[in-house]
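Visitor: Please pick one residue in this model and look at it closely. Then work outward from there to the rest of the chain.

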Amino acid sequence: MKTKIYTIYDSKAQVYNKPFHQVNEAVALRTATDLANDPNSEIAKNPQDYTMFYLGNYDDETAQYELCEPKSVCKFHELVQHG
């Protein structure tokens, strides 16, 4: 199965966090939305500082990576739900 690889960039620390895998972009966005709206997450405290990037794919049948230039998927402040 191929999974998609993502990372979260922290603009204040100027670092990309450890990559993580999701089955598709919809699931990655759901996870990001949960983080942006969870008052216990570091991301929710300063969502304007974080951006999620797509890095490529991983095939768990062949152990092969297909990497690309990081592509912005979302900015966390855009995922904050008000009300």
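**From one strand residue outward**

Guide: At 37% relative accessibility, histidine 21 counts as partly exposed; buried means under 20% relative accessible area, exposed means over 50%, and partly exposed is what lies in between, with a 1.4 Å probe and protein chains only. The model is a predicted one, in which local features need pLDDT of at least 70 and side-chain atom pairs count only at pLDDT 80 or more, while totals for chains, interfaces and linings use all residues. Residues are numbered from 1 along each chain as its sequence is written, and side-chain values use heavy atoms, with hydrogens and water left out.

Histidine 21 belongs to strand β3, residues 20-22. Strands (E, at least two residues) and helices (H or I, at least four) are DSSP runs numbered from the N terminus. Not counting residues up to four places away in sequence, histidine 21 touches Thr3, Lys4, Ile5, Tyr58 and Tyr65; contact means heavy atoms within 4.5 Å. Lysine 75 is 54 residues from histidine 21 in sequence, and the two C-alpha atoms are 18 Å apart in space.

The contacts of histidine 21 include Tyr58 and Tyr65, which leads to the aromatic rings. A search of the whole structure finds seven aromatic pairs. In one of them, tyrosine 9 and phenylalanine 53 have ring centres 6.5 Å apart and planes at 85 degrees, so this pair is edge-to-face. Here the link runs between distant parts of the chain, from tyrosine 9 in strand β1 (residues 2-10) to phenylalanine 53 in strand β4 (residues 50-59), 44 residues apart. Phenylalanine 53 is buried, at a relative accessible area of 14%. The rings of tyrosine 58 and tyrosine 65 have centres 4.8 Å apart and planes at 45 degrees, so that pair is tilted. The criterion is that rings of Phe, Tyr and Trp (its six-membered ring) pair if their centres lie within 6.5 Å; planes under 30 degrees apart count as stacked, over 60 as edge-to-face, and the rest as tilted. Ring pairs also join Tyr6, Phe20 and Tyr54 into a cluster.

Tyrosine 54, a member of that cluster, lies in strand β4 and is buried, at 14% relative accessibility. Leaving aside neighbours within four places in sequence, its contacts are Lys4, Ile5, Tyr6, Cys68, Glu69, Pro70, Lys71 and Val73. Lys4 and Ile5 are thus on the contact list of tyrosine 54, and they are also among the residues that histidine 21 touches. The C-alpha atoms of tyrosine 54 and alanine 28 are separated by 9.4 Å, with the two positions 26 residues apart along the chain numbering.

Tyr54 and Ala28 both appear in the largest nonpolar core, whose 12 residues are Tyr6, Ile8, Ala28, Ala32, Ala36, Ile43, Tyr50, Met52, Tyr54, Cys74, Phe76 and Leu79. Of the elements, β1, α1 (25-37) and β4 each supply at least two residues of this core. A nonpolar core is a set of buried Ala, Val, Leu, Ile, Met, Phe, Trp, Tyr and Cys residues joined through side-chain atoms within 4.5 Å. Alanine 28 touches Tyr6, Gln22 and Met52, again not counting residues up to four places away in sequence.

Ala36, another core residue, is touched by alanine 44, as are Leu35, Asp38 and Pro39. Alanine 44 lies in helix α2 (residues 42-45) and is partly exposed, with a relative accessible area of 22%.

Two loop residues deserve a remark on backbone geometry. Most residues other than glycine have a negative phi. Glutamine 14, in the loop between β1 and β2 (15-16), has a positive phi near 60 degrees and counts as exposed at 62% relative accessibility. Alanine 63, in the loop between β4 and β5 (64-75), likewise has phi near 60 degrees, a positive value, and is partly exposed at 47%.

As for the whole, the protein has two helices and five strands, in the order β-β-β-α-α-β-β along the sequence. Of its 83 residues, 35% count as buried. Among contacts between residues at least 6 apart in sequence, 52% join residues at least 24 apart.
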